[in-house]
Amino acid sequence: MAEKTTTNHAAWVTDVGSKALGSDVPLSKLQELYFNRTPFISNDSAKTLVVKTDVNFPAVRKLRNPDKKRVLVTGGAGFVGSHLVDRLMLMGHDVICLDNFFT
């Protein structure tokens, strides 16, 4: 029986987005934003959750005024909307989030 080798395809990806459109964001920056956090610390004795906030925000691009867009994201507090807001802000755009928290 032949030995099976596995390849880590994620190691090949360095940027997410399109360089031609200016929407490329380094994968390491996205991983920092979403994976290296411990937002909730359980305090069982008091039956509460403590939210640990991170004061270091990722660096964003500085776009010139003709390239910078002001974007309105409806439903920006949801799963897809919040990720879209994060991505647009990393790209250097001004983002306005609107959500009614209905669903």
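Contact, a word this tour uses often, means heavy atoms within 4.5 Å. What you have open is a predicted model, where local features need pLDDT of at least 70 and side-chain atom pairs count only at pLDDT 80 or more, while totals for chains, interfaces and linings use all residues. Residues are numbered from 1 along each chain as its sequence is written, and side-chain values use heavy atoms, with hydrogens and water left out.

**Stop 1: the whole chain**

Start with a cartoon view. You should find two helices and six strands; helices (H or I, at least four residues) and strands (E, at least two) are DSSP runs, numbered from the N terminus. Following the chain from the N terminus, the order is β-β-α-β-β-β-α-β. Of the 103 residues, 15% are buried. Here buried means under 20% relative accessible area, exposed over 50%, and partly exposed in between (1.4 Å probe, protein chains only). Now switch on a surface: the chain exposes about 8700 Å², with carbon and sulfur atoms supplying 59% of that area. Accessible areas come from the Shrake-Rupley method with a 1.4 Å probe, and for residues only the protein chains shown count as cover. Among contacts between residues at least 6 apart in sequence, 48% join residues at least 24 apart.

**Stop 2: the largest core**

Select Val-25, Leu-30, Leu-33, Leu-90 and Met-91. These five residues make up the largest nonpolar core, that is, a set of buried Ala, Val, Leu, Ile, Met, Phe, Trp, Tyr and Cys residues joined through side-chain atoms within 4.5 Å. In soluble globular proteins, nonpolar side chains tend to be buried together. Center on Val-25 next. Leaving aside residues up to four places away in sequence, what does Val-25 touch? Its contacts are Thr-14, Asp-15, Val-16, Leu-30, Arg-61, Arg-87, Leu-90 and Met-91.

**Stop 3: Asp-24 and Arg-61**

Move to Asp-24, in the loop between strand E1 (15–16) and strand E2 (25–26). Is Asp-24 buried or exposed? Asp-24 counts as buried, because its relative accessibility is 13%. Show its surroundings and you will see that Asp-24 touches Asp-15, Val-16, Gly-17, Ser-18, Lys-19 and Arg-61, not counting residues up to four places away in sequence.

Arg-61 deserves a closer look, as it forms a salt bridge with Asp-24, the closest N and O atoms being 2.9 Å apart. Arg-61 lies in the loop between strand E4 (48–51) and E5, and Asp-24 in the loop between E1 and E2, so this pair ties together parts that are 37 residues apart in sequence. Arg-61 itself is partly exposed, at 27% relative accessibility. A salt bridge here is a side-chain nitrogen of Lys or Arg within 4 Å of a carboxyl oxygen of Asp or Glu.

**Stop 4: the other salt bridges**

How many salt bridges does a search of the whole structure find? The search finds three. Select Arg-64 and Asp-67 for another of them, with 2.9 Å from N to O. Arg-64 is exposed at 58% relative accessible area, whereas Asp-67 is partly exposed at 33%.

Then pick Lys-68 and Asp-94, whose side chains meet in a salt bridge at 3.9 Å, N to O. Lys-68 lies in the loop between E4 and E5 and Asp-94 in strand E6, so the pair ties together parts that are 26 residues apart in sequence. Lys-68 is partly exposed, at 32%, and Asp-94 is partly exposed too, at 33%.

**Stop 5: helix H2**

Highlight residues 79–90. The twelve residues of helix H2 should span 16 Å at 1.5 Å a residue, and the end C-alpha atoms are 17 Å apart, which agrees; the expected span is 1.5 Å times one less than the number of residues. Within H2, Gly-81, Val-85, Leu-88 and Leu-90 are buried. After the helix comes Gly-92, whose phi is positive, near 100°.

**Stop 6: toward the end of the chain**

Select Leu-72, Ile-96 and Leu-98, which form a nonpolar patch on the surface with about 290 Å² of accessible area together. Patches are made of residues with over 30% relative accessible area and no salt bridge: like charges are joined within 9 Å, nonpolar side chains (Val, Leu, Ile, Met, Phe, Trp, Tyr) within 5 Å. Leu-98 sits in strand E6 (residues 94–98) and is partly exposed, at 49%.

Finish at Phe-101, in the segment after E6. Phe-101 is exposed, at 66% relative accessibility, and has a positive phi of about 55° although it is not a glycine. Most residues other than glycine have a negative phi. Finally, draw a C-alpha to C-alpha distance from Phe-101 to Gly-78: the two are 23 residues apart in sequence and 8.3 Å apart in space.
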